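Colleague: I would like a close look at a single part of this protein, with its surroundings described step by step. Please keep the wording plain enough for a first-year student.

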Amino acid sequence: MLVIFIGPPGSGKGTQASRLCEHLSIAHLSTGDMFRAAIQEETELGLQAQQYMDRGELVPDQLVVEMVAEALRNAPYGDGCLLDGFPRSLPQAEALDQILAGEEKQVDVVLELDVDDGILIERLLARKRPDDTLDTIHNRLKVYQEQTSPLLNYYRERRLLSTVNGEGTVDEVHREILEQALQKNE
Ligand code: AMP
C-alpha cells in the first residue's frame, strides 16, 4: 500500500503519519526526517539541504526526487510505505508517478490534513524546532500555499484525495484518518 500525506507545517502530519504506519504496519518515509538525519551526519546532501531548510524553502526537486527514488527501490519502503512530506510540488508528484510506473506500482490514497492558519502558527511556535522561527514559519506557509497546495487538485482529479479536519485531538484525527484511509483502500 502506498499512502501520501499532505498537510501544511504544523498540521500534525508527522504525528499522524507515525500512528497510521503503526496501524497499517507499513514503513514511514519522511523526507524532512531524512534531511534532518543527513544534516546531523554532516553528509553532502545534508549540507546542501540545510541552507534551504533554514530559510523555510523547499530543497530543490532533483535532490529530493533522487533521495526518494533510491529509498523506494529498497526495503523497507519498496514493499509499501507512507510518504510524509513528499511530494511537495507538482514536478515532484510527476516524478513520483514516473518512478512508480516503472515499477508497476501506484498511489493508493492521498490524505490531506486541513488546519486553519492561526492554529498552525500557534502550534509551530510551541514546538521550537530550529526552523520554527516566526519568519521561517510564514515562509513555509507561503511555500505550502504556492507550491504544495496545487497537488490537492492533481490528486483530486485522480479521485485519490481524502481531506481530514486536522484540528481535533490526536486521537480524534487518527480515528478519522483510519476511516478515510481504509475506506479508500477497500
Ligand atoms: P518537514 O519535516 O516535512 O516539515 O520538512 C522540513 C523541511 O525539509 C521543509 O521545510 C523543506 O525545507 C525540507 N523538505 C522536506 N521534504 C521536502 C520535499 N519533499 N521537497 C522539498 N523540500 C523538502
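Modeller: Arg 140 sits in helix H7. The model is a predicted one. Is Arg 140 buried or exposed? With a relative accessibility of 11%, Arg 140 counts as buried, because the cut-off for buried is under 20%.

The next point is what surrounds this residue. Apart from its neighbours within four places in sequence, Arg 140 touches Pro 9, Gly 56, Leu 124, Arg 127, Arg 129, Asp 131 and Asp 132. Several of these names lead on to other parts of the chain, and two helices can be taken in turn.

Take Leu 124 first. Leu 124 belongs to helix H6, which spans residues 117-127. Leu 120, Ile 121 and Leu 124 are the residues of H6 listed as buried. They lie on the same side of H6, because the arc they cover around the axis is only 95 degrees. The general reason is that an α-helix has 3.6 residues a turn, so residues three or four places apart point the same way. The face of H6 turned away from the buried side holds the exposed residues Glu 122 and Ala 126. Part of the cover over the buried residues of H6 comes from helix H7, residues 134-148, and H7 is the helix that contains Arg 140.

The two ends of H6 can also be described. At its start, a side-chain oxygen of Asp 116 comes to within 3.0 Å of the backbone nitrogen of Gly 118. After H6 comes Lys 128, which has a positive phi, near 55 degrees.

Gly 56, another contact of Arg 140, leads to helix H3. Gly 56 comes just after H3 and has a positive phi of about 75 degrees. H3 covers residues 44-55, and its buried residues are Gly 46, Ala 49 and Met 53. These share one side of H3, since they cover an arc of only 75 degrees around the axis. On the face turned away from that buried side are the exposed residues Glu 44 and Leu 47. The buried residues of H3 pack against H7 and against helix H2, residues 31-40. H7 therefore appears in both accounts: it is among the elements covering the buried residues of H6, and the buried residues of H3 pack against it.

The ligand is a separate matter. There are 16 residues around it, and Thr 31, Arg 36, Glu 57, Gly 85 and Gln 92 come nearest. A nitrogen atom of the ligand is 2.7 Å from an N or O atom in the side chain of Thr 31. For Gln 92, a polar side-chain atom lies 2.9 Å from a ligand nitrogen. The side chain of Lys 13 has an N or O atom 3.4 Å from an oxygen atom of the ligand. On its own the ligand has 480 Å² of accessible area, and the protein covers 96% of this.

Finally, the whole chain gives the setting. The protein has nine helices and five strands. Its radius of gyration is 16 Å, close to the 16 Å that the globule rule gives for 186 residues, so the protein is as compact as a globular protein of that length. Of those 186 residues, 47% count as buried, and Arg 140 also counts as buried. Among contacts between residues at least 6 apart in sequence, 72% join residues at least 24 apart.

Definitions and conventions
Residues are numbered from 1 along each chain as its sequence is written. This is a predicted model: local features need pLDDT of at least 70, side-chain atom pairs count only at pLDDT 80 or more; totals for chains, interfaces and linings use all residues. Side-chain values use heavy atoms; hydrogens and water are left out. Buried means under 20% relative accessible area, exposed over 50%, partly exposed in between (1.4 Å probe, protein chains only). Helices (H or I, at least four residues) and strands (E, at least two) are DSSP runs, numbered from the N terminus. The arc is that of the directions from the helix axis to the C-beta atoms. Contact means heavy atoms within 4.5 Å. A polar contact is a pair of N or O atoms within 3.5 Å; within protein, one must be able to donate a hydrogen and the other to accept it, and residues adjacent in sequence count only if both atoms are side-chain atoms. The radius of gyration is taken over C-alpha atoms; the globule rule is 2.2 Å times the number of residues to the power 0.38. A residue is near a molecule or strand if one of its heavy atoms lies within 4 Å of it. Accessible areas come from the Shrake-Rupley method with a 1.4 Å probe; for residues, only the protein chains shown count as cover.
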